[in-house]
Amino acid sequence: MSQFAITIAGKAANSAGQTIYPCVIAASIVQEADPTQSIAIAVKENEPVLVKADRNSTIGLQFEDEDIIYGYENVLRKLIERFPRELGAKSELEDYWVNFALTRLSSGDFKETSAALEELNNHLVLRTYLVGYSLTIADISVWGALRGSNAAYLNIKKGHHVNLARWFRHIESNNRVSKGVDTLREELSAKKKVKSQGSNYEIGLLDTEKGVVTRFPPEPSGYLHIGHAKAAMLNQYFAQQYNGKLIIRFDDTNPTKEKQEFEDSILEDLKLLGVKGDVHSYSSDYFQQLYDYAVKMIEMGKAYCDDTEQAKMRDERFNGIASARRDTPVEENLRIFREEMTNATEVGKKYCLRAKISVDSPNKALRDPVIYRCNPQPHHRTGAKWKLYPTYDFTCPIVDSIEGVTHALRTIEYRDRNDQYQWMLKALGLRKVHIWDFSRLNFIKTHLSKRKLFWFVDQGLVWGWDDPRLPTVRGIRRRGMTIEGLRQFILAQGPSKNVVNLDWTIIWATNKKVIDPISPRHTAVFAEDAVTAKVIGASETPTSEDRPRHAKNKDLGTKQVYFGPTILLDQADATSFKDGEEITLMSWGNAIVSNIVTSPSAGKVTSLDLTLHLEGDFKKTEKKVTWLEKDKQKLVDVELVDFDYLVTKDKLEEEDNLEDFVNKKTEFRVKAVADESVGGMEVGDIMQFERKGYYRLDSKAEGERPAVFFCIPTGKEK
């Protein structure tokens with residue numbers, strides 16, 4: 001029996017049940033006919049339709065290896081077409097009542113519905129079923145439409161139509177019918193009680209009752225970036241959701257690019273992300289089996305060796321032209337593969353092995369893809385044992401099947417290669433694997449391509465793979481992204497297929513919610529043109545007091561705040577003051593400004609006086625400013641660093657030259673002094689310099705070198 005999934009627009013299930021219920025009940029009855037088969041029913045919460053441009057897309061149906069179809073009539077007709085025996089669709093009589101349910105009972109017109117109820121009541125005077133002597137699709141469709149219509153349901157319950165009410169109760173007592181209703185109502189009820197991380201995770205995975213095994217297969221040729229993090233977290237989420245297991249498999253099939261350094265960093269980053277595989281493996285564990293399968297494909301006439309020059313091969317594939325080597329005899333292909341390619345001879349290195357799928361398929365991924373290439377470079381795990389390696393497109397489906405993967409969850413960029421994936425399995429007689437595509441993360445002014453990230457590193461435009469301007473996991477963590485903030489953001493995006501270009505403000509706003517309650521508050525004053533102010537009314541001998549490091553989180557402890565007759569202010573604040581103005585010195589109290597001295601040449605304030613007015617109401621002052629006691633505390637020299645995007649264009653098109661859009665200035669450093677307590681912070685600590693922003697300590701002060709803090713975006717930057 002064919003496997004299928006039904007998706008329902010949540011709002012439609014409540015407001016247009018007369019169209020939804022017949023489909024759900026029919027699906028439930030199909031499942032009852034063979035309890036070993038699974039039918040996934042998912043509700044897309046708070047959506048009136050599944051496709052915005054199609055108002056009839058209140059329900060969708062998708063069979064394995066087929067496109068999803070929308071609309072209650074299309075869905076019901078498809079189920080009848082595929083399962084006529086299970087649904088009792090025997091003649092035109094049943095079809096009449098199916099049309100009756102789809103039109104007269106689903107119109108929403110009160111007069112039309114009332115007339116339809118009268119006709120039903122008259123037809124059922126001496127009948128137990130609408131057609132014949134057993135339950136058919138006629139009863140399923142009409143009963144479902146009535147049960148899904150609040151007006152019709154209430155009318156029947158009041159007993160206005162005696163024969164109709166008798167028939168309705170009889171059909172309702174059939175467990176096969178009521179089970180479909182219960183399934184839908186339970187799903188709707190669950191949706192009201194639980195919102196899965198703000199995103200819809202009910203994606204209708206097939207065959208989950210047999211166990212779920214997912215996999216995350218990174219290539220050890222670079223550092224994990226935020227896109228990899230999404231894939232890893234989603235695969236773990238669904239493995240845990242179904243009490244299954246997650247396989248972490250290194251796709252190490254290209255020794256030219258792979259390094260142990262990258263493998264180690266990936267494992268470390270996954271650990272930080274909280275992603276822990278139940279099984280760890282390598283594609284290289286299966287090199288012998290993959291080689292044997294390649295030989296098998298050649299023997300079956302499903303693969304051939306090709307020495308066509310690369311540019312010509314690319315052109316032939318694009319234009320749907322068969323390779324001159326496509327019909328090489330099996331024996332010759334075996335000889336070339338086993339003797340020349342396997343040993344990477346001078347002749348062998350000119351060849352690749354191609355799957356013999358299609359010359360001119362509309363899906364270019366099926367146009368005889370390359371599945372093996374020569375590469376004499378030693379492998380970081382297997383050494384010089386192999387001199388030819390399988391491609392990802394050949395390796396992935398085979399190893400997925402061998403390792404027991406049940407659901408391959410991968411980004412939508414692979415969608416055109418899904419048919420290729422399934423072809424490999426079918427050609428080799430291997431166990432089928434379900435595929436689910438989800439959208440990849442895309443951000444404005446950002447590249448997630450490893451090749452382009454390598455370019456930035458190689459050109460010296462960034463410091464390395466952990467540069468805070470890069471979208472690598474290490475880079476954004478160094479910028480101040482927390483693991484919890486990243487996790488919340490990724491899970492909030494969910495497994496949607498919708499491709500969007502996200503603004504970084506979204507992820508940083510999520511992170512701010514995480515760090516704000518746990519970030520101790522400190523003070524910094526910009527060193528350039530800092531203003532010395534005399535505080536009249538302050539004790540001549542500086543004093544200090546214990547103050548909370550966070551007014552709303554006492555668990556963060558206390559810090560020393562110093563008070564004295566001489567303080568430092570930011571030039572911008574001092575410039576904004578007026579003689580006689582009352583301001584608030586944060587964590588101290590109000591003061592009145594006087595004796596502002598301004599440099600005639602520079603136009604900047606050089607000094608001023610502040611007379612304490614501690615009985616003043618801080619609620620009435622316009623300016624609340626930060627300050628630092630100058631003489632007693634040991635001020636800490638700090639450097640505050642902010643960053644800009646590496647590229648200047650929101651989205652680069654294929655024809656754009658990356659070098660033309662490289663941002664020339666992406667790093668901004670400002671010197672400042674900070675309060676004494678900052679000296680006790682450790683690298684990686686996150687805090688807030690009040691009125692300046694959130695920062696992460698990247699390096700501590702040492703000798704003449706100041707402590708370096710990286711500014712953490714909050715999503716409000718312009």
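Reader: Which residues does F668 touch, not counting those up to four places away in sequence?
Author: F668 touches L640, V641, D642, F643 and D644. Bear in mind that this is a predicted model. A touch here needs heavy atoms within 4.5 Å.

Reader: How far apart are the C-alpha atoms of F668 and L640?
Author: They are separated by 8.2 Å, although the two residues sit 28 places apart along the chain.

Reader: Is F668 buried, partly exposed or exposed, and how do you know?
Author: Its relative accessible area is 35%. Buried would need under 20%, and exposed would need over 50%. F668 falls in between, so "partly exposed" is the term.

Reader: Where does F668 lie, and what joins that strand to strand 27?
Author: F668 belongs to strand 28, residues 667–674. Strand 27 (residues 636–643) is joined to strand 28 by eight bridges, and the two run antiparallel. Two strands count as paired once there are at least two bridges between them, so eight is enough to call this a pair. As for who faces whom, E667 in strand 28 stands opposite F643.

Reader: What makes strands 16 and 17 the edges of their sheet?
Author: The sheet is an open one of seven strands with mixed pairing, in the order 16-29-30-31-27-28-17. Strand 16 (521–522) and strand 17 (524–526) have a single partner strand each, so one side of each is left without a neighbour in the sheet. Helix 20 (residues 504–515) packs on this sheet and touches strands 29 (686–689), 30 (693–699) and 31 (707–712). The direction of helix 20 makes about 120 degrees with that of strand 31.

Reader: In what order do the strands of the sheet with strand 18 and strand 24 run?
Author: That open sheet also has mixed pairing, and its seven strands go 25-22-23-24-18-21-26. Strand 25 (624–625) and strand 26 (628–629) are the edge strands, each pairing on one side only. Strand 18 (residues 531–536) pairs with strand 24 (residues 605–612) in the parallel sense over five bridges, and A533 stands opposite L608 in strand 24.

Reader: Why is strand 13 called largely enclosed?
Author: Count its residues: four of the five in strand 13 (residues 434–438) are buried, so the rest of the structure largely encloses the strand. Strand 13 pairs with strand 12 (residues 407–411) in the parallel sense, over five bridges, and I435 is the bridge partner of A408.

Reader: How many disulfides does a search of the whole structure find?
Author: Zero. Take C305: the nearest cysteine sulfur, that of C352, is 8.2 Å away. A disulfide needs the sulfur atoms within 2.5 Å, so C305 and C352 do not make one. From the side of C352, the nearest cysteine sulfur is that of C305.

Reader: What makes C305 and C352 count as buried or exposed?
Author: The cut-off for buried is under 20%. C305 has 1% relative accessibility, so it counts as buried. C352 has 8%, so it is buried as well.

Reader: How does the radius of gyration of the protein sit against that of a compact globule?
Author: A compact globule of 718 residues would be near 27 Å, but the protein has 34 Å. Its C-alpha atoms fill a box of roughly 105 × 85 × 40 Å along the principal axes.

Reader: What share of the residues of the protein count as buried?
Author: 54% of the 718. The accessible surface comes to about 33900 Å², and carbon and sulfur atoms hold 48% of it.

Methods
Residues are numbered from 1 along each chain as its sequence is written. This is a predicted model: local features need pLDDT of at least 70, side-chain atom pairs count only at pLDDT 80 or more; totals for chains, interfaces and linings use all residues. Side-chain values use heavy atoms; hydrogens and water are left out. Buried means under 20% relative accessible area, exposed over 50%, partly exposed in between (1.4 Å probe, protein chains only). Axes are lines fitted to C-alpha atoms, for helices over the stretch in contact, and angles run from 0 to 180 degrees between N-to-C directions. The radius of gyration is taken over C-alpha atoms; the globule rule is 2.2 Å times the number of residues to the power 0.38. Accessible areas come from the Shrake-Rupley method with a 1.4 Å probe; for residues, only the protein chains shown count as cover.
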